[in-house]
Structures are given as structure tokens and as C-alpha cells.
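Colleague: I should like to understand how the terms applied to a protein model are justified. Please take me through them one at a time.

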Amino acid sequence: MKFPSPVPVQWIAELIGAVVTGNKNGLATGINEIHKVEEGDLVFVDHPKYYDKCINSAASFIIINKETTVPEGKALLVCDEPFEAYLKIVRHFRPFTPATSPISETAVIGEGTVIMPGAFIGEHVRIGNNCIIHPNVTILGYTVIGDNVIIQAGTVIGSDAFYYNTKKNRDVWYKKMESCGRVVIEDNVEIGAGCTIDRGVTHDTVIGRGTKFDNQVHIGHDSVIGKNCLFAAQVGVAGAVDIKDGVVLWGQVGVSKTLTIGENTVVLAQTGVPSSLDANKVYFGYPAEEAGYKRRELVWVKRIPELWEKVKGLEGKK
């Protein structure tokens, strides 16, 4: 999430009750989680396992629960509960505002765009020209949609990320990381019925130009889907996935988090993808492997009873 304008780090420290060490005169331009941080961003960390990663990331300002060495030009904001500090910042800049009408007065809708009955358009949504938003579509706050986009009935765009701060030493193990990111849908995208696209935790979930989704496709937070991709029904993509241009995912493909699928790759139906895939190949099975190899493997699996009988026969001749 980018702030409306750069914010003095000392002001942020006062808001969250933190002590600043390092660059006390810095200006923060936004807040991001570790997978998406950029120069000028705030990031938070509350576990020693991730201290070094956050401090040495691109982030300029680190909300942390321990005093430690700070690199030149950066600042630490030391407080007892970095997660609660994160929530306070999000709630200040993106407070929850109950809707009072089906289409927010702050929404901007382009020429020639049709909004069907029963659709909901949230605050600060931007929709381009010549789009069709079918009945009962929900487009939640800060979503950005380009030109010539079609969204079929019952789809939800911009729902909260499935992302939690986990600590098992408290009564409630999983505490919600409130989402302040966006969904950005580029020109000429078509999205089927009953799809769900989560907003980024703090950054953007992106659907690239010309990409087409069948019904019941789910895209997790902060994932970036390239241009001219094709996803069949019931594809599920987890958070922070990078899918390059021209990728085809056939029905019921499941993609795990924080991985990359190379450009022009085809993943056949019901394949499970637990790790990154190379470009320009066809994959099948679980775990996903090149389809030709996987098919040969299945042929040999079917021959196991026959081969076992041969082995028993050889043993009987000894």
C-alpha cells in the first residue's frame, strides 16, 4: 500500500508507540510485507528467524521488536508488538468504511461500461471503458479494472487475503493480517462466473492483459498472472505466485505459494504444482513433471503386476 504522500518516520513512530533508531528524518512512502517490499517502504517483523531478511531487504524502515544494528540510511522502529503496529497503520490509512449504496460515490466508471443489477462496486474502484459487469458481481475497494473487461455473474474481486500472523502461545493462534493491497485487472481480460480474486496483503494482485478465466477460478493474494494466459475451471492459485505470459492451466490445477511458472507453459488437468516450473514445457501429475516422462511412468506402473509375476517365476526356477 502506498501512502497518499510520503510520511515522516517520526510521525509513524508516534502513531504506533515506537522508538526510532537510525535515519530519524526519513520519509516512508508505503507499507509492504516482505515478499513485495520496495525502497521507501515500511515492513514489520516479529520473529528472530526473519530479522536479517527484513533488515537487509529493499525496505527503508523496519518495525521490529528488538534493538539491533541498522544499515546506513535505514531506520528501525522498535516496539513490543510489530504486528499490532502494522494493523494500526493499515487501519489509519485504509479504515473500514461500511457501504451505504450498491455503487460507491467514490467509484469511477468509464464510458460504455454496463453494470448489471445486483452488482456491488466498492469505494475508490476504477473501471475502464466498455466493460460488462454481470449480475451479483462484487468488486471491493481500491480495485482497478482496465478497458473491455468482462466479469461473469457471482464473481468476487478484491476479497481479503488468506494471510494470518501465527503464534501458538496465545488463545487465538491465527490473527488476521488486514489487507490493504489492491487487485489490478488489465485490458481485455475475461473472468468467468463464481471466481474469487483476493487483494494483495499490502501490494497488488495482478491479472495481465488478454488473460481469460473459466468459472470457479481462485487467485490468491499478491499473485501476478501474466498476459494472454488461459485458466480452465476450478484452477486454484495460492499467494505470491508469479505466472508468466501465455501460461495455460487446465481444469483443477492446484498451484502452491511463492513459486514461478515460466512463459508459455501448459499444465494439464488435475496437476499439482508444489514448486517452480520451467518455460515452454507441458507438465502433468503430482508432483508436476514433464508430461511425456509422467505418461511413461504410468505405463510402467501398470506393468508392475506383470513384472512381479516374472520375478516370482525366476525365483521359482532357482
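The conversation below sets values from this model against the definitions behind them.

Modeller: This is a predicted model, in which local features need pLDDT of at least 70 and side-chain atom pairs count only at pLDDT 80 or more, while totals for chains, interfaces and linings use all residues. Residues are numbered from 1 along each chain as its sequence is written, and side-chain values use heavy atoms, with hydrogens and water left out.

Colleague: What makes domain 1 and domain 2 separate parts of the chain?

Modeller: The bounds come from an automatic or database domain assignment. By that assignment domain 1 covers 2–94 and domain 2 covers 108–291. Their centres, taken over C-alpha atoms, lie 28 Å apart. Contact between them, meaning heavy atoms within 4.5 Å, takes 16 residues from domain 1 and 16 residues from domain 2.

Colleague: How do you know what area domain 1 and domain 2 bury between them?

Modeller: Buried area is the accessible area (1.4 Å probe) that two parts lose on being put together, summed over both. For domain 1 and domain 2 this comes to about 1,600 Å², with 53% of it on carbon and sulfur atoms.

Colleague: Why is the meeting of D46 and K167 called a salt bridge?

Modeller: The term requires a side-chain nitrogen of Lys or Arg within 4 Å of a carboxyl oxygen of Asp or Glu. The N to O distance for D46 and K167 is 3.4 Å, so the pair satisfies the rule of 4 Å. Between domain 1 and domain 2 the count is 2 salt bridges. There are also 10 residue pairs in polar contact between the domains, both residues being at pLDDT 80 or more. A polar contact is a pair of N or O atoms within 3.5 Å; within protein, one must be able to donate a hydrogen and the other to accept it, and residues adjacent in sequence count only if both atoms are side-chain atoms.

Colleague: Which helix gives the largest share of the side of domain 1 that touches domain 2?

Modeller: Helix α3 (residues 82–93) does, with 6 residues. Helices (H or I, at least four residues) and strands (E, at least two) are DSSP runs, numbered from the N terminus.

Colleague: What does the salt bridge of K2 with E38 tie together?

Modeller: The closest N and O atoms of K2 and E38 are 3.1 Å apart. K2 lies in strand β1 (residues 2–8) and E38 in the loop between β3 (27–31) and β4 (41–45), so the pair ties together parts that are 36 residues apart in sequence. By the salt-bridge rule the count comes to 15.

Colleague: How do you know that β18 and β21 pair?

Modeller: Two strands pair if DSSP finds at least two bridges between them. Strand β18 is joined to strand β21 (residues 204–207) by 4 bridges, and the two run parallel; V183 stands opposite T205 in β21. Strand β13 (residues 144–145) and strand β18 (residues 182–185) are also parallel, over 2 bridges, with I145 and I185 as bridge partners. On β21, V206 has V224 of β24 as its bridge partner.

Colleague: What makes β7 and β30 edge strands?

Modeller: Each pairs on one side only. The open sheet has 8 strands with parallel pairing, in the order β7-β10-β13-β18-β21-β24-β27-β30.

Colleague: Which backbone values deserve a remark?

Modeller: Most residues other than glycine have a negative phi, and most peptide bonds are trans. Y142, however, has a positive phi near 70 degrees and is placed in the loop between β12 (138–139) and β13. A cis peptide bond joins Y286 and P287, with omega about -10 degrees; P287 is in the loop between β33 (282–284) and β34 (289–290).
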